[in-house]
Every structure is written in structure tokens, then in C-alpha cells.
Amino acid sequence: MDNHESEFTMIQSVLLDDENDTLIILDQTVLPNEKVFLHLKEMKDVWEAIYALKVRGAPAIGIAAAYGLYLGTKASKAADYDQLRQDFGKVKEYLASSRPTAVNLFWALNRMENRLLQEADRSVAEIKEALRQEAELIREEDAKVCESIGKHALTLLKENWGILTHCNAGTIATAKYGTALAPIYLGQEQGYSFKVYADETRPLLQGARLTAWELKEAGVDVTLICDNMSSIVMKEGKIQAVLVGCDRVAANGDTANKIGTSGVAVLAKHYGIPFYVCSPLSTIDLECKTGDDIHIELRPDAEVTTQWYEKPMAPEGVKVYNPAFDVTDHSLITAIVTENGIAYAPFEESLPKMFAQK
């Protein structure tokens with residue numbers, strides 16, 4: 001990769017400006033037309049950024065939540081641990097209400113709470129500093145996790161393969177490299193010459209606005225297709241593997257990801273194409289038995305009818321069903337790639353082993 005491309009994979013979509021008590025995020029809602037970094041000081045703005053998908057991607061949401069929880073606690077006027085814990089709890093509960101499906105949100109908030117509890121015998125100032133350190137660790141560890149996922153996933157792929165991906169699981173959705181896009185970036189560095197097909201991913205067009213944008217910026221051979229074109233590119237032999245990220249993986253391997261993912265998995269199964277889920281361990285929820293236990297977020301009607309159009313593209317007042325995610329059945333998944341290795345069915349047995357290697 002040339003210098004420009006190497007610099008691109010170093011982009012950080014979530015940053016902490018501790019000196020100015022500010023969370024800085026890349027506003028993903030205005031890409032690809034504008035590259036805007038938002039400076040957030042109020043918890044209501046952090047909450048809204050997560051809810052409105054200004055920051056999105058399970059790992060990036062977790063990082064933003066950790067930084068937000070730190071900044072919210074840093075602003076506390078508490079003089080002792082008990083009061084600080086109360087203030088911390090209010091901010092944690094508030095941020096947890098922003099989105100229900102991405103497990104990384106709750107994982108990061110709970111990890112921050114565990115650090116708070118561990119520091120109970122320290123001064124308020126020392127506890128706040130410990131929370132800052134924990135939030136930074138979450139970001140740093142995610143970058144390493146993504147690179148490890150990329151290395152494991154790359155062993156499943158061959159040079160010159162056509163790869164289909166859905167939604168955006170790239171650099172801007174994580175600390176670095178992404179999850180599903182990590183092997184593509186690592187392959188690019190090693191001359192694999194992948195040909196990537198990006199589903200546009202309606203209704204919010206994360207594939208068109210984000211994946212196609214970042215892969216093109218990085219010099220990857222990328223072709224944008226509408227969601228309903230996945231079948232024909234598979235039938236024409238253009239696709240040798242499907243790579244997707246995820247927002248929650250149940251203990252049996254059922255996986256929640258952006259709406260439309262399960263349809264891609266069904267098509268891949270039909271055409272005999274391997275379907276790989278790239279998942280950090282932080283996204284795997286062993287307490288969640290099956291996909292039936294995953295709460296699916298419903299989004300506003302406008303995302304389907306008016307948001308992306310100069311004029312409405314649906315009759316006024318028509319009923320709209322707009323789930324943000326669907327669940328891909330474990331039987332459709334070839335393997336789940338984690339930072340600790342590759343899990344195959346039966347996932348009830350292989351996923352816990354991934355944690356045991358940590």
C-alpha cells in the first residue's frame with residue numbers, strides 16, 4: 001500500500017480530547033460527501049450520536065460509550081466514592097438506553113463499572129484517572145483485536161478472490177482495520193488483489209456511503225451493488241466468500257447483524273459460498289442462548305420513506321416496518337472468526353473455547 005492508503009487505515013473515528021473534556025467522533029451520517037469531526041461535551045450529545053448512528057459499528061460504539069462514561073463521571077462534583085458511584089450509575093444507565101442490540105455498548109459500560117469497583121479504596125481523582133485509562137485500554141485493545149481477526153480470516157481466503165460484504169465493518173466502525181474488512185486491508189498490504197462487492201445496505205446505505213467510500217480511499221478494488229443484486233453476482237461466479245461483521249452473537253452461533261445479512265447468508269448457502277462472520281469476543285454473548293433472545297431495534301419510518309430523497313419515495317401515511325437488524329441462523333454460518341481463532345459448528349462447543357484461549 002502507498003503512504004496515503006496506510007494513513008487511511010490509521011484513521012480514528014472516535015477520539016478523546018481529555019484536556020477539553022470532549023469526545024470527538026467522525027460523523028458517519030454525512031459521509032461520503034463530507035468528512036466532519038463532531039466535538040461532543042454534553043452527555044445528551046453523546047447519547048444522540050450513538051442513537052442517530054453518527055458513531056456506529058459495534059466496537060466504535062463501545063469505545064465511544066467508554067469515553068462518554070469517563071467524561072460524564074469526570075464532570076461529577078462528588079467528594080467521596082459513594083457519591084461518585086451514584087453519579088457514574090446515572091451516566092451509565094443513560095448511555096445504555098441509546099441502542100439495544102449492539103452488545104459492545106453494554107460490554108464497554110460494564111467493563112468501566114468493573115474498573116470503578118476495583119478502585120473503590122482510592123481517591124475520587126485517582127478513580128477518575130483509572131476510568132480514563134480503562135477507556136483508552138478499550139480502544140487500544142480493539143485495534144489489536146481487529147488486526148488479529150484480520151490475520152485469522154486471511155487464512156480462509158485466496159488471492160484474486162471476489163468477496164461480498166454487507167453493511168460496514170471497517171476502519172471507521174472500530175479502532176483500526178475493522179472486523180470484516182480487516183482481512184481485506186491486510187490482504188491489500190500483501191498483494192492479494194481482492195475484488196470486493198459491497199452491498200449498498202438499505203435503508204441507511206452503510207455499504208454505499210461508508211464501505212465503498214473507505215475501500216475506495218484505501219485503493220481496494222471495490223464495486224458497489226444494490227442489495228438485491230447479491231444473487232446474480234454469486235450466480236455469475238464473481239463471489240468466492242462472504243465476510244460480514246456483527247452486533248451480537250448468541251451462544252449457539254446465531255448472529256445479529258445489519259438488516260439484510262440473513263438474506264445474503266441464505267443465498268450464499270444456496271450457491272455453496274462460504275459465509276464468514278468476523279466477531280470480537282466482546283460481541284459474543286454466551287449468556288444469550290439463541291438468536292430468539294436478541295432484541296431487534298426498530299428504527300424510524302422516515303429512514304425508509306423520506307430520509308434519502310428530495311421527494312418522498314412512498315405514499316404518505318403508508319405503514320412501515322423498519323427493523324435495524326436481522327438474525328442469521330447458525331446453520332448458515334461457515335465459521336465465526338475471532339481474535340483468538342476460528343470457531344466452527346457446533347458453536348456451543350467452539351465459542352467458549354475461544355474465550356478459554358484468551
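Here are some short exercises with worked solutions on this predicted model.

**Exercise 1. The overall build**

Task: Work out what the chain is made of, and decide how its radius of gyration fits the globule rule.

Solution:
- Start with the secondary structure: the chain has 12 helices and 14 strands.
- Now take the radius of gyration, which is 20 Å, while the globule rule gives 21 Å for 358 residues. Those two values are close, so the chain is as compact as a globular protein of that length.
- For the dimensions, look at the C-alpha trace, which spans about 65 × 50 × 45 Å along its principal axes.
- Then check how the chain folds back on itself. Take the contacts between residues at least 6 apart in sequence: 75% of them join residues at least 24 apart.

**Exercise 2. Inside and outside**

Task: Find what share of the residues is buried, and describe the accessible surface and the charges.

Solution:
- Of the 358 residues, 56% count as buried.
- The accessible surface adds up to about 15,400 Å², and carbon and sulfur atoms own 50% of that.
- Next come the charges: there are 36 positive and 52 negative side chains. Find the centre of each set, and you'll see that the two centres lie 1 Å apart.

**Exercise 3. Three salt bridges**

Task: The whole structure holds 18 salt bridges. Take K74 with D18, E147 with K151, and R248 with D285, and say where each pair sits.

Solution:
- K74 and D18 come together with their closest N and O atoms 2.9 Å apart. K74 belongs to helix α3 (residues 58-74), and D18 to the loop between β1 (14-17) and β2 (22-26), so this pair ties together parts that are 56 residues apart in sequence. Both ends are partly exposed: K74 has a relative accessible area of 26%, and D18 comes in at 24%.
- E147 and K151 have their closest N and O atoms 4.0 Å apart. This time the partners share helix α6 (residues 124-154), and being 4 residues apart there, they are separated by about one helical turn. E147 is partly exposed, at 28% relative accessibility.
- R248 and D285 bring their closest N and O atoms to 2.7 Å. R248 is in strand β8 (residues 248-250) and D285 in strand β11 (residues 284-285), so the bridge ties together parts that are 37 residues apart in sequence. Here R248 and D285 are both buried.

**Exercise 4. A linked set**

Task: Which residues are linked in a network of salt bridges?

Solution:
- Look for charged side chains that connect through salt bridges, and you get R111, R115, E119, R122, E134 and E141.

**Exercise 5. The surroundings of S98**

Task: Is S98 buried or exposed, and what does S98 touch?

Solution:
- First place the residue: S98 is in the loop between α4 (81-96) and α5 (103-118).
- Its relative accessible area is 2%, and since buried means under 20%, S98 is buried.
- Now list the neighbours, skipping residues up to four places away in sequence: S98 touches W47, I50, Y51 and L105.
- Finally, compare sequence with space. S98 and E48 are 50 residues apart in sequence, yet their C-alpha atoms are 7.3 Å apart.

**Exercise 6. Unusual backbone spots**

Task: Where are the cis peptide bonds at P32 and P346, and where do L53 and S193 show a positive phi?

Solution:
- Keep the usual pattern in mind: most peptide bonds are trans, and most residues other than glycine have a negative phi.
- The bond from L31 to P32 is cis, with omega near 5°, and P32 is in the loop between β2 and β3 (37-40).
- The bond from A345 to P346 is cis too, with omega near 0°. P346 sits in the loop between β14 (341-343) and α12 (347-356).
- L53 isn't a glycine, but its phi is positive, about 70°. You'll find L53 in the loop between α2 (43-51) and α3, and with a relative accessible area of 9% it is buried.
- S193 isn't a glycine either, and its phi is about 55°. S193 lies in the loop between α7 (182-189) and β5 (195-199). With a relative accessible area of 40%, S193 is partly exposed.

How values were computed. Residues numbered from 1 in each chain as written. Predicted model: local features only at pLDDT ≥ 70, side-chain atom pairs only at ≥ 80, totals over all residues. Heavy atoms only, no water. Helix = DSSP H or I, 4+ residues; strand = E, 2+ residues; numbered from the N terminus. Rg over C-alpha atoms; globule rule 2.2 N^0.38 Å. Buried < 20%, exposed > 50% of the residue type's maximum accessible area, 1.4 Å probe, protein only. Contact = heavy atoms within 4.5 Å. Areas by Shrake-Rupley, 256 points an atom, 1.4 Å probe, with all protein chains shown as cover. Lys, Arg positive; Asp, Glu negative; His and termini not counted. Charge placed at Lys NZ, Arg CZ, Asp CG, Glu CD.
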